[in-house]
Amino acid sequence: MVQAIQRRYPQLKITWVLGKVEYQLLKHLDGVEFVIFDKSQGWRSYANLKRDLKGRKFDVLLHMQVALRATIASLAISAKIRIGFDRFRAKEGQWLVTNHAIEPQATPHVLEGFMGFAKAIGVTDLTPSWNIPVPAEDTEYAKALIPDESQVLVICAAASKAERNWLPERYAAIADYAVTKGYRVVLCGGPTPLEKELAEKIQAASKSNLDNQVGKTSLLQLLAILKQASVVLAPDTGPAHMAVTQGTPVIGLYAHSNPGRTGPYTSLGSVVSVYDDVIRQQKQGKIPWGTRAKGEHLMQLIEVEAVIAKFDQVCEHF
């Protein structure tokens, strides 16, 4: 969305308020001033934001998050035009702190919802494209790990919540199958105990030699690795969307959330989902777009055979 605006208005000054983790991924973007909102500091984060923006006046605020935290944070931003979601989607009090709304959208992907903000300020080319600068040393790191023209399946197994993770023995089964097809398998992810433990369980369940890089890379190194990959397997998690920005096919695994809304945007045809079946069992009548399915064991409904079939389908195009 930001880069679509830059293409339409190349002289426009853009300030982006974002979290410190996301900043590590995007800090090299051209033409953007970043203001970091560190939510880990609790109420101090709001005071810090107010301090950082003291005396600043903006022409337009694009209020693109509906969390109550973002609504409160927006009070520190002085802007004449304050654009939020349409009334149906302006939750958590967002509608109280905005004075304009984007067009309503019936069944949008999250990306399309965000692009509605660009449209609201006159951007007409809403075709998604991404250019996230990666330092040369990070690209070299990834190419040393995954040389050009390699056949590599990267598995980013962990989501932010354990219930959204597939079973380790099933990840291992896909890894073993990929190895029989001539693929090397690399496990990637962040440094949290949950991610490391899941990777270790996948390794233990696998009959193959897997390259475990979980917790060993920065975000930009991970982005570069995802670009080098042939295909990425992931649940509803950030690296799936990072892979999309690099043009790498993604096999997404979905049970709790609607992949039509949060799936890997350029690989929606490669998703393996049980969401539709689950949500129809849990809800009656017309189901609001984006309704989440509930349950700790829903991911178990995704069968290995369905993922293997999707893997074969995706790999036919190589």
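Let me start with one residue, D277. At 45% relative accessibility, D277 counts as partly exposed. Its partner is R280, and the two side chains meet in a salt bridge, 3.0 Å from N to O. R280 counts as exposed, at 52% relative accessibility. Where do R280 and D277 lie? Both are in helix α12, residues 275-282. They are three residues apart, about one turn of the helix.

One caution before I go on. This is a predicted model.

Now the other salt bridges. Side chains of opposite charge can pair when their charged atoms come close. How many salt bridges does the count come to? The count is 10. I'll show two more.

Take E33 and R56. Their side chains form a salt bridge, at 2.9 Å from N to O. This pair links distant parts of the chain, 23 residues apart. E33 sits in strand β2, residues 32-36. R56 sits in the loop between α3 (44-52) and β3 (58-62). Are they buried or exposed? E33 is partly exposed, with 33% relative accessibility. R56 is also partly exposed, at 30%.

Next, D52 and R51. Here the closest N and O atoms of the salt bridge are 3.1 Å apart. D52 is partly exposed, with a relative accessible area of 35%. R51 is exposed, at 54%.

On to the helices. Look at α7, residues 168-180. Helix α7 has 13 residues. From its first C-alpha to its last it reaches 19 Å. That is close to the 18 Å expected at 1.5 Å a residue.

Which residues of α7 are buried? They are P168, R170, Y171, A172, I174, A175, D176, Y177 and A178. Note that R170 and D176 are on that list. And what covers them? The cover includes strands β6 (152-155), β7 (184-187), β9 (231-234) and β10 (250-254). It also includes helices α8 (193-205) and α13 (304-315). Just after α7 comes G182, with a positive phi of about 90°.

Now helix α10, residues 238-245. This helix is mostly covered, with six of its eight residues buried. Those are P239, A240, M242, A243, V244 and T245. Elements covering them include α2 (20-26), α9 (219-228), β9 and β10. So β9 and β10 appear in the cover of α7 and in the cover of α10, by the 4.5 Å contact cut-off.

What follows α10? Q246 is in the loop between α10 and β10. Why does Q246 count as buried? Its relative accessible area is 18%, and buried means under 20%. Leave aside its neighbours within four places in sequence, and Q246 is in contact with L223 and K227. G247 also follows α10, and its phi is positive, near 75°.

Last topic: empty space. Start with the second largest pocket. Its volume is about 240 Å³. The lining has 14 residues. Nearest the centre are A162, N165, W166, P168 and L198. P168 we have met already, as a buried residue of α7. Which helix gives the largest share of this lining? That is α8, with four residues. By class, the lining splits into seven nonpolar, three polar and four charged residues.

Then the closed spaces. How many cavities of 30 Å³ or more does a search of the whole structure find? It finds two.

The largest cavity has a volume of about 40 Å³. Its lining is R164, P235, D236, L253, Y254, A255, H256, S257 and M299. Five of these residues are nonpolar, two polar and two charged.

The second largest cavity holds about 30 Å³ of space. It is lined by S257, N258, R261, T262, G290, T291 and R292. What classes make up this lining? There are five polar residues, two charged and no nonpolar. S257 is worth pointing to on the screen. It lines the largest cavity, and S257 lines the second largest cavity too.

To wrap up, three things to look at in the structure. Find the E33 and R56 salt bridge, which links distant parts of the chain. Find α10, with six of its eight residues buried. And find S257, in the lining of both cavities.

Terms used:
Residues are numbered from 1 along each chain as its sequence is written. This is a predicted model: local features need pLDDT of at least 70, side-chain atom pairs count only at pLDDT 80 or more; totals for chains, interfaces and linings use all residues. Side-chain values use heavy atoms; hydrogens and water are left out. Helices (H or I, at least four residues) and strands (E, at least two) are DSSP runs, numbered from the N terminus. The expected span of a helix is 1.5 Å times one less than its number of residues. Buried means under 20% relative accessible area, exposed over 50%, partly exposed in between (1.4 Å probe, protein chains only). On a 1 Å grid over the protein atoms alone, a cavity is a set of points where a 1.4 Å probe fits but cannot get out, and a pocket is an open set with protein on both sides within 12 Å along at least five of seven lines; lining residues have an atom within 4 Å of a point. Grid points are joined across faces, edges and corners, and a volume is the space filled by probe spheres set on the points. Ala, Val, Leu, Ile, Met, Phe, Trp, Tyr, Cys and Pro count as nonpolar, Asp, Glu, Lys and Arg as charged, and the others, Gly among them, as polar. A salt bridge is a side-chain nitrogen of Lys or Arg within 4 Å of a carboxyl oxygen of Asp or Glu.
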